Amino acid sequence: MNFSEVFKLSSLLCKFSPDGKYLASCVQYRLVVRDVNTLQILQLYTCLDQIQHIEWSADSLFILCAMYKRGLVQVWSLEQPEWHCKIDEGSAGLVASCWSPDGRHILNTTEFHLRITVWSLCTKSISYIKYPKACLQGITFTRNGRYMALAERRDCKDYVSIFVCSDWQLLRHFDTDTQDLTGIEWAPNGCVLAVWDTCLEYKILLYSLDGRLLSAYSAYEWSLGIKSVAWSPSSQFLAVGSYDGKVRILNHVTWKMITEFGHPATINNPKTVVYKEAQKSPQLGLGCLSFPPPGAGAGPLPSSESKFSLQTLKPVTDRANPKIGIGMLAFSPDSYFLATRNDNIPNAVWVWDIQKLRLFAVLEQLSPVRTFQWDPQQPRLAICTGGSRLYLWSPAGCMSVQVPGEGDFAVLSLCWHLSGDSMALLSKDHVCLCFLETEAAVSTACRQLGGRT
């Protein structure tokens with residue numbers, strides 16, 4: 001495993017281009033575009049104010065920079081560096097900006113969510129969409145780029161509108177049986193739209209492309225409900241994380257629950273592998289605790305070691321957004337594994353085997369887990385905790401790596417390259433690239449660290 005030199009960064013704004021050729025990063029009001037292979041600067045753009053959001057177009061030919069404080073969006077071209085575009089929303093303000101799937105339209109959401117303005121870079125035409133709902137996830141595109149679903153709020157009622165992205169014509173418009181819609185998301189195959197309600201009511205609704213209600217699911221009533229939702233890449237499973245500390249898996253045939261995964265503070269199953277980060281032994285960032293799966297060649301554990309307790313956080317329940325429940329969950333790219341984090345056990349990452357519907361491994365860190373992300377090409381999970389180490393898990397085992405550099409490089413976030421051969425590690429003021437070895441080399445290193453399959 002190798003690391004690049006460290007580059008300056010602002011506001012954790014750093015993204016690989018969709019084609020994997022470029023790396024864009026921001027330093028105050030400057031946008032820097034580098035070649036991924038050489039890390040040489042290809043383009044340096046200067047914006048009118050400090051950049052607050054960047055996003056690549058789907059074809060990697062353009063990149064937008066949003067300056068919300070000034071209501072501005074600037075667009076830059078990699079093929080024609082002298083060309084640029086400036087969009088000023090004026091007194092309407094700006095709170096969000098994103099590309100359409102074709103990479104030739106920009107959708108700007110004005111302050112107070114009064115409207116969404118669709119700007120065309122080709123024809124310079126403008127379209128308006130009224131009544132967008134102010135929620136965490138109110139816009140979602142199908143993966144093939146054909147359709148956009150938009151959550152709306154009008155006359156004190158929730159609606160969903162489905163638009164054709166080629167001409168922005170309204171395809172379907174229907175109301176949803178929700179009190180206060182919180183999020184929407186297409187299945188990866190683009191056939192089903194998931195809609196979930198406020199955390200005050202447990203309800204998730206599944207709609208077809210033509211607006212028909214396929215199913216509605218509610219696990220319980222009179223308690224805090226859904227906190228996170230994730231589709232499997234195969235579109236066969238929908239994972240729903242809730243405030244009761246459980247993940248419920250719905251199947252795509254009947255849309256009924258096939259199993260639920262609890263997250264207790266005590267691991268009782270001796271077949272579950274637990275990795276605990278050790279404060280001592282600097283060569284071993286993570287050590288494998290003695291819960292080998294069958295066939296690992298280890299004898300039975302003494303009864304005193306048959307349980308393992310995880311560090312828990314006592315939530316403050318009399319305040320908004322208590323730190324309880326499943327705050328993060330993500331499927332591996334092959335849909336074989338699901339990674340989760342229970343917010344009142346913040347130091348632990350749980351990895352579930354979706355084929356066998358059982359707990360596969362638990363990773364307990366010394367510090368709370370900030371984020372985790374799957375390798376786009378294989379079941380390999382990268383984890384960061386805000387410290388100077390990077391943690392990697394695969395079915396072969398687990399390992400940690402010290403990020404080199406002067407002082408401590410506090411890894412606050414990370415993002416994978418689409419090839420899975422490298423990733424960008426982001427700290428408060430810097431970014432560096434981490435280059436990984438092949439899967440065979442990583443598996444060998446994991447076995448040396450004591451991981452078991």
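This tour visits a strand hairpin and then two pockets. The model is a predicted one.

**The hairpin**

Begin by selecting residues 371-374, which form strand 35, together with residues 381-384, which form strand 36. These two strands pair in the antiparallel sense, over four bridges. Six residues lie between strand 35 and strand 36, and the two strands form a hairpin. Within the pair, display Phe372 and Ile383: Phe372 stands opposite Ile383 of strand 36.

**The largest pocket**

Turn next to the largest pocket, whose volume is about 1,400 Å³. Select Lys15, Phe141, Arg143, Glu185 and Gln373, the closest to the pocket centre of the 39 residues that line it. Strand 35 is one of the elements that give two or more residues to this lining; others among them are strand 3 (14-16), strand 15 (139-141) and strand 19 (183-186). Strand 39 should be coloured separately, since the largest share of the lining, four residues, comes from it. By residue class, the lining of the largest pocket divides into 25 nonpolar, 10 polar and four charged residues.

**The second largest pocket**

Move finally to the second largest pocket, which holds about 320 Å³ of space. Of its 15 lining residues, select Leu136, Thr182, Trp196, Ile226 and Lys227, the closest to its centre. The elements that give two or more residues to this lining are strand 19 and strand 23. Strand 23 gives the most, with four residues. Colouring by class shows six nonpolar, six polar and three charged residues in the lining of the second largest pocket.

How values were computed. Residues are numbered from 1 along each chain as its sequence is written. This is a predicted model: local features need pLDDT of at least 70, side-chain atom pairs count only at pLDDT 80 or more; totals for chains, interfaces and linings use all residues. Side-chain values use heavy atoms; hydrogens and water are left out. Two strands pair if DSSP finds at least two bridges between them. On a 1 Å grid over the protein atoms alone, a cavity is a set of points where a 1.4 Å probe fits but cannot get out, and a pocket is an open set with protein on both sides within 12 Å along at least five of seven lines; lining residues have an atom within 4 Å of a point. Grid points are joined across faces, edges and corners, and a volume is the space filled by probe spheres set on the points. Ala, Val, Leu, Ile, Met, Phe, Trp, Tyr, Cys and Pro count as nonpolar, Asp, Glu, Lys and Arg as charged, and the others, Gly among them, as polar.
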